[in-house]
Amino acid sequence: MSENLEEVIKKNKIVVRDLMKVYKRGMKEVIALRGLDFEVAPGEFLSIVGPSGSGKSTLLKLLGALDKPTAGSILYDGHSVTLLNDRRAMLYRRQKVGFVWQTGNLVPGLTALKNVMLPMRLAGAPKGPSAQRAKLLLEAVGLEKRMKHKPHQLSGGENQRVAICVALANKPELLLADEVTGELDTETAKMVMDTLKTMNREFQTTIVNVTHSPRVAAYADRVLRIRDGLIEGQKHTLFGDISEVDAKGRLVIPETVRRLAGIGKRVVLKITGEGLLITPLEMEESNHQEQQSSAEIA
Ligand SMILES: Nc1ncnc2c1ncn2[C@@H]1O[C@H](COP(=O)(O)OP(=O)(O)O)[C@@H](O)[C@H]1O
Ligand SMILES: [Mg+2]
């Protein structure tokens, strides 16, 4: 890689490289992310837009350390999120990240005010200052008259704004939002997005907002388009498949890859500095003919 990764890390809050996620459903593998590279600057408001099934929620879960990637890395302030153990992942989520999902994560029995106070109280903050900050946040999203209402007494848009306040209660540096306007009408969606924008400006919270709506995405400073687990415009570094080595060391090489690499029934394995080099046996036998047709598996 020719980039100066250290420089990139220094300039950015988040640096994502070669991020891949493969889910297993019984015998079948679903490749949700096929190798993503991108950065998020400190205080940036980034939208990730893409059709349903393109890997957006998967990506957000990995950014929030709610799941681990199959390969690749996420660096947050230069530290690997993907290598955190369970305890440290929990601390990262608690101390750095706020989440807002499509369906509100509010406690039904509590008022808006109490809902926003809850994460602060759980983190050990005293009652007075927690209430004060909760009020400040709710005022910032225009809900000063709704603080004593419970979720069922509030509209969808109001609940989403309360949820944003809950996510921001403990002053996270990073806010991850997944389709938060998915079930809202245009007018309400606008209000919620304006709220995110205000929070981004006022508290310098870095935001990654995932949506399938280009109109919603346009609220951000920058938009990344993702399709079939790849960022549009980025070249596909994989051959279209990831292979897994089973307990006996067996490896399935997809047919297209075998064809491209000229691999037949017998191969020669060689360990190189970059990984494993698999060369067709026929070619190895006549290897004075300098043919370059091989597959490398890192
Ligand atoms: N837990 C899971 N197990 C198996 N497959 C999954 C799981 N989560 C997501 N997928 C699959 O991964 C792909 C990407 O899903 P997702 O990240 O939810 O996309 P999006 O949020 O863009 O709609 C889809 O094909 C989906 O079916
Ligand atoms: Mg999703």
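**Lys 56, Thr 58, Leu 59, Leu 60, Leu 62 and Leu 63 are the buried residues of helix H2.** The model is predicted; local features need pLDDT of at least 70, side-chain atom pairs count only at pLDDT 80 or more, and totals for chains, interfaces and linings use all residues. Residues are numbered from 1 along each chain as its sequence is written, while chains are lettered from A and ligands numbered from 1 in the order in which they are written. H2 is mostly covered, with six of its eight residues buried. A buried residue has 20 or more other C-beta atoms within 10 Å of its own; an exposed one has 12 or fewer, and a partly exposed one falls in between, with C-beta atoms placed from the backbone. Helices (H or I, at least four residues) and strands (E, at least two) are DSSP runs, numbered from the N terminus. After H2 comes Ala 65, with a positive phi near 55°.

**Twelve positions surround ligand 1: Tyr 23, Arg 25, Val 30, Ala 32, Gly 50, Ser 52, Gly 53, Ser 54, Gly 55, Lys 56, Ser 57 and Thr 58.** A residue is near a molecule if its C-beta atom, placed from the backbone, lies within 6 Å of it. Strand E1 (14-25), strand E2 (28-40) and helix H2 (56-63) each supply at least two residues of the shell. H2 gives the most, three residues. By type, the shell holds three nonpolar, seven polar and two charged residues. Here Ala, Val, Leu, Ile, Met, Phe, Trp, Tyr, Cys and Pro count as nonpolar, Asp, Glu, Lys and Arg as charged, and the others, Gly among them, as polar.

**Helix H4 (residues 112-122) packs its buried residues against helix H5 (127-140) and helix H6 (156-168).** Those buried residues are Ala 112, Leu 113, Asn 115, Val 116, Met 117, Pro 119 and Met 120. An α-helix has 3.6 residues a turn, so residues three or four places apart point the same way. Just after H4, Gly 124 takes a positive phi of about 95°.

**Val 116 lies in helix H4 and is buried.** Its count is 30 other C-beta atoms within 10 Å. Which residues does Val 116 touch, not counting residues up to four places away in sequence? They are Ala 134, Leu 137, Leu 138, Val 162, Cys 165, Val 166 and Ala 169. Contact means C-beta atoms, placed from the backbone, within 7 Å. Leu 138 is 22 residues from Val 116 along the chain, and their C-alpha atoms are separated by 8.3 Å.

**The largest nonpolar core has 64 residues.** Ile 74, Val 116, Leu 138, Ile 164 and Cys 165 have the most contacts inside it. H6 contributes the largest share of this core, seven residues. Such a core is a set of buried Ala, Val, Leu, Ile, Met, Phe, Trp, Tyr and Cys residues joined through C-beta atoms within 7 Å. In soluble globular proteins, nonpolar side chains tend to be buried together.

**An open sheet of six strands runs in the order E6-E7-E8-E3-E9-E10, with mixed pairing.** Strand E6 (97-100) and strand E10 (230-231) stand at the edges; each has a single partner strand, so one side of each is left without a neighbour in the sheet. Strands pair if DSSP finds at least two bridges between them. Strand E9 (residues 222-227) and E10 run antiparallel, joined by two bridges. Arg 227 stands opposite Leu 230 in E10.

**Asp 18 and Lys 171 each have a positive phi near 50° in a residue other than glycine.** Asp 18 sits in strand E1. It counts as partly exposed, with 17 C-beta neighbours inside 10 Å. Lys 171 is in the loop between H6 and strand E7 (174-178). Lys 171 is exposed, with 12 other C-beta atoms within 10 Å. Most residues other than glycine have a negative phi.

**The whole protein has 10 helices and 13 strands.** Of its 298 residues, 35% are buried. Among contacts between residues at least 6 apart in sequence, 64% join residues at least 24 apart. The average pLDDT, the predictor's confidence in each residue from 0 to 100, is 87, and 89% of the residues score at least 70. Over residues 290-298 pLDDT stays under 50; the model has 22 contacts beyond four places in sequence for them.

Technical notes:
Contact = placed C-beta atoms within 7 Å.
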